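Please find below a short note on the model under review. The points are numbered for ease of reply.

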Amino acid sequence: MKYQTQQLAYPYFVAALALFLVQLVAGVLAGTIYVFPHFLSEAAPFNIIRMIHTSALLVWLLLGYFGASYFLIPEECEREVYSPKLAWWQLGIFVFAALGAVISYLFGVHEGREFLEQPLWVKILLAVAFVIFLYNITMTVLKGRKTVVSIVLLVGLWGAALFYLFAFYNPSNLALDKLYWWWVVHVWVEGVWELIMAAMLAFLLIKLTGVDREIIEKWLYVIVGLSLVSGLLGTGHHYYWIGTPGYWHWIGGVFSVLEVLPFFAMVLWAFYLVHESGRDHPNRAAMLWSLGCPVMAFFGAGVWGLMHSFSQVNFYSHGTQVTAAHGHLAFYGAYVMLNLAFFTYALPALRGVQPFNQILNMWSFWIMTGSMAFMTFTLTFAGVIQTHLQRVLGMDFMEIQQQIALFYWLRLGSGIFFVIGALLYIYAVLGPVRGQMAAPLGVQTATK
């Protein structure tokens, strides 16, 4: 670690991992309700549990991005963060808003829009925290060295903030509501968040492989171009059934295919650079997460997303467990693994030690990734059966739920194993470090 203000990342990472646990607990509770429908039906109904599950996911991922930015921007810009005090204010506001949202949900106070259920005052606080962050990080970049990594990261973060403003627009017309709702929900995860992902992966690959920065930056240009074009126009595959013009069928179909390309490019990029470097970096766990991230993102966001993006398929599969399979694997592969890779790389430097507990960390990788893969296949099979029975044969919805109950048990089991893997990961990165001397300053960031 080279700059004192990189320590700002540490509380963000801790807060992110705490909310990660909240998300997982809510997910297991939701999975339990699928097999025991009356479980917590009065104290915390399913719709409330699901709100907590999805909202905690988005908030902890953002906290991870903020912390990663405070860690990598000083190194990229070769200067300290503009205002550490603003960073602390931002963290306090963001965590307070997140906790306020959870408490509001438990008391039945929410706006009811999926993923954007937060009460208005919570949305305002989240936006204020985002503005503080953007001002702080932008001033740091403007006053320091400009690199492709820092600029791409900044564009992605600004894009995320600007598109979040559509969360405040809630028209009474349902078709119009859904049109702009996707500008947050889709454009975030399949557009501007991909820029954040590419920038963070580029930073990790520079540090872990030692490959020349110019080579990595050339790949980064290609991935950013593919992400922006395909992500923005790929939103069309959500417009099929909400009253938009018919040409969206063509736009949605064509650009859904192109959306696979940036994820495939990330896979090629990561493995090519590691192969070319021939470098055995001491932080093997960070390397494993960094390579696993683009692979699982390609399958989850790319392959499973494409599988039901075409209107001819989506007509039958929309809203079934096929959607849940895609959503779980896509978020885990693209963004959860990205944060966990960055935490694994940065926390040894932040704690002033050599890479530690790596065997435990790698075990957590395989447990979580295996559990998520099993869950994805389980939900996919359930969704295919559900689609045929409900949308083709026209069977009653509740009767179909009984037919696929076995898959819900399997999903719950894989969720429990995933939580075990997550607890192992948190212990590995935040737990005690035995038999280690403090690392020399800068040992984790030796290569540019």
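How many salt bridges does the structure hold? The answer opens the first point, and the remaining points turn to a helix, the surface and the aromatic rings.

1. The coordinates are those of a predicted model, and the structure holds seven salt bridges. One of them joins E76 to R213, with 2.8 Å between the closest N and O atoms. This pair links distant parts of the chain, since E76 belongs to helix α2 and R213 to helix α7 (residues 213-233), 137 residues apart. Both E76 and R213 are buried. E217 enters the picture as well: E76, R213 and E217 are linked in a network of salt bridges.

2. A further salt bridge is formed by D177 and R113, whose closest N and O atoms are 2.6 Å apart. Here too distant parts of the chain are linked: D177 sits in helix α6 (residues 174-209), R113 in the loop between α3 and α4, and 64 residues separate them. D177 and R113 are both buried.

3. K123 forms a salt bridge with E111, the closest N and O atoms lying 3.0 Å apart. Because K123 lies in helix α4 and E111 in the loop between α3 and α4, the pair ties together parts twelve residues apart in sequence. Are the two partners buried or partly exposed? K123 has a relative accessible area of 0% and is therefore buried, whereas E111, at 31%, is partly exposed.

4. Helix α2, which contains E76, merits a check of its geometry. At 1.5 Å a residue, its 32 residues (46-77) should span 46 Å, and the end C-alpha atoms are 46 Å apart, in agreement with that expectation. There is nevertheless a bend of about 25 degrees at F71, and a proline, P74, follows within four residues. Just after the helix, E78 takes a positive phi of about 55 degrees. Of the 32 residues of α2, 29 are buried, so the helix is largely enclosed by the rest of the structure.

5. On the surface, L120, I124, V128, W158, L162, L165 and F168 make a nonpolar patch of about 620 Å². Helices α4 (120-142) and α5 (148-164) each supply at least two of its residues. Which helix gives the largest share? That helix is α4, with three residues. V128 is found in α4 and counts as partly exposed because its relative accessibility is 38%. As general background, an α-helix has 3.6 residues a turn, so residues three or four places apart point the same way.

6. The structure holds 46 aromatic pairs. Among them, Y82 and Y135 are edge-to-face, at 5.7 Å centre to centre and with 85 degrees between the planes. This pair links distant parts of the chain: Y82 is in the loop between α2 and α3 (84-106), Y135 in helix α4, 53 residues apart. Y82 is partly exposed, with a relative accessible area of 32%, and Y135 is partly exposed at 41%.

7. For Y239 and W248, the ring centres are 4.8 Å apart and the planes stand at 85 degrees, so this pair is edge-to-face. Y239 and W248 are both buried. Finally, one aromatic cluster is formed by Y65, Y164, F168, W188, W193, F331 and Y335; F168 also appears among the residues of the nonpolar patch.

Notes: Residues are numbered from 1 along each chain as its sequence is written. This is a predicted model: local features need pLDDT of at least 70, side-chain atom pairs count only at pLDDT 80 or more; totals for chains, interfaces and linings use all residues. Side-chain values use heavy atoms; hydrogens and water are left out. The expected span of a helix is 1.5 Å times one less than its number of residues. The bend at a residue is the angle between axes fitted to the seven residues ending there and the seven starting there. Buried means under 20% relative accessible area, exposed over 50%, partly exposed in between (1.4 Å probe, protein chains only). Patches are made of residues with over 30% relative accessible area and no salt bridge: like charges are joined within 9 Å, nonpolar side chains (Val, Leu, Ile, Met, Phe, Trp, Tyr) within 5 Å. Accessible areas come from the Shrake-Rupley method with a 1.4 Å probe; for residues, only the protein chains shown count as cover. A salt bridge is a side-chain nitrogen of Lys or Arg within 4 Å of a carboxyl oxygen of Asp or Glu. Rings of Phe, Tyr and Trp (its six-membered ring) pair if their centres lie within 6.5 Å; planes under 30 degrees apart count as stacked, over 60 as edge-to-face and the rest as tilted.
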